[in-house]
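Please take a moment to look over the sequence and the structure shown here, and then follow the paragraphs below from the overall layout to a single residue.

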Amino acid sequence: MKQVVGMVVSNKMQKSVVVAVDRLFYHKLYNRYIKRTSKFMAHDEQNHCNIGDRVRLDPSRPLSKRKHWVVAEILKKARIYVPPSALDSSNVSAPQSAPSPSSPSSS
């Protein structure tokens with residue numbers, strides 16, 4: 001087997017990640033290129049991978065029933081969404097509810 005490059009789609013396991021690898025091949029009947037995706041489980045010893053990271057996988061001996069790849073390197077880290085901090089949210093005042101319209105009073 002040779003090295004493959006893919007995108008991390010799951011890192012919910014300990015020391016393991018699921019990597020989606022895309023490949024293109026030419027279909028002779030359709031005369032078009034078709035994209036197929038394969039998912040591989042890979043070993044991530046230090047738990048450095050996050051969802052969206054682009055990684056390179058090396059083949060290895062079977063480590064478990066479905067895991068026989070090892071994360072060789074992280075090629076590109078994913079941009080992680082950082083929610084606004086508590087300081088920023090305190091500057092923005094919360095919308096205050098408008099007083100409810102009172103019914104016309106009869107005098």
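**From the whole chain to one arginine**

Of the 107 residues in the chain of this predicted model, 21% are buried. The secondary structure comprises five strands and one helix, and if you read from the N terminus onward, the elements follow the order β-β-β-β-β-α. Among the contacts in the chain with a separation of 6 or more, 48% are between residues 24 or more positions apart. The chain exposes about 8,900 Å², of which 54% is supplied by carbon and sulfur atoms.

In soluble globular proteins, nonpolar side chains tend to be buried together. Here the largest nonpolar core has eleven residues, including Val-4, Val-8, Val-17, Leu-57 and Trp-69. At least two residues of this core come from each of the strands β1 (4-13), β2 (16-27), β4 (54-59) and β5 (67-76), and β2, with three residues, gives the most. To see one member of the core in its surroundings, consider Val-8, which, once its neighbours within four places in sequence are left aside, is in contact with Val-17, Val-19, Cys-49 and Val-55, among others.

Strand β4 also holds Arg-56. Is this residue buried or exposed? Arg-56 has a relative accessible area of 19%, and it counts as buried because this value is under 20%. Its side chain is joined to that of Asp-58 by a polar contact of 3.3 Å. Not counting residues up to four places away in sequence, Arg-56 also touches several others, among them Gln-3, Val-4, Val-71 and Glu-73.

Key: Residues are numbered from 1 along each chain as its sequence is written. This is a predicted model: local features need pLDDT of at least 70, side-chain atom pairs count only at pLDDT 80 or more; totals for chains, interfaces and linings use all residues. Side-chain values use heavy atoms; hydrogens and water are left out. Helices (H or I, at least four residues) and strands (E, at least two) are DSSP runs, numbered from the N terminus. Buried means under 20% relative accessible area, exposed over 50%, partly exposed in between (1.4 Å probe, protein chains only). Contact means heavy atoms within 4.5 Å. Accessible areas come from the Shrake-Rupley method with a 1.4 Å probe; for residues, only the protein chains shown count as cover. A nonpolar core is a set of buried Ala, Val, Leu, Ile, Met, Phe, Trp, Tyr and Cys residues joined through side-chain atoms within 4.5 Å. A polar contact is a pair of N or O atoms within 3.5 Å; within protein, one must be able to donate a hydrogen and the other to accept it, and residues adjacent in sequence count only if both atoms are side-chain atoms.
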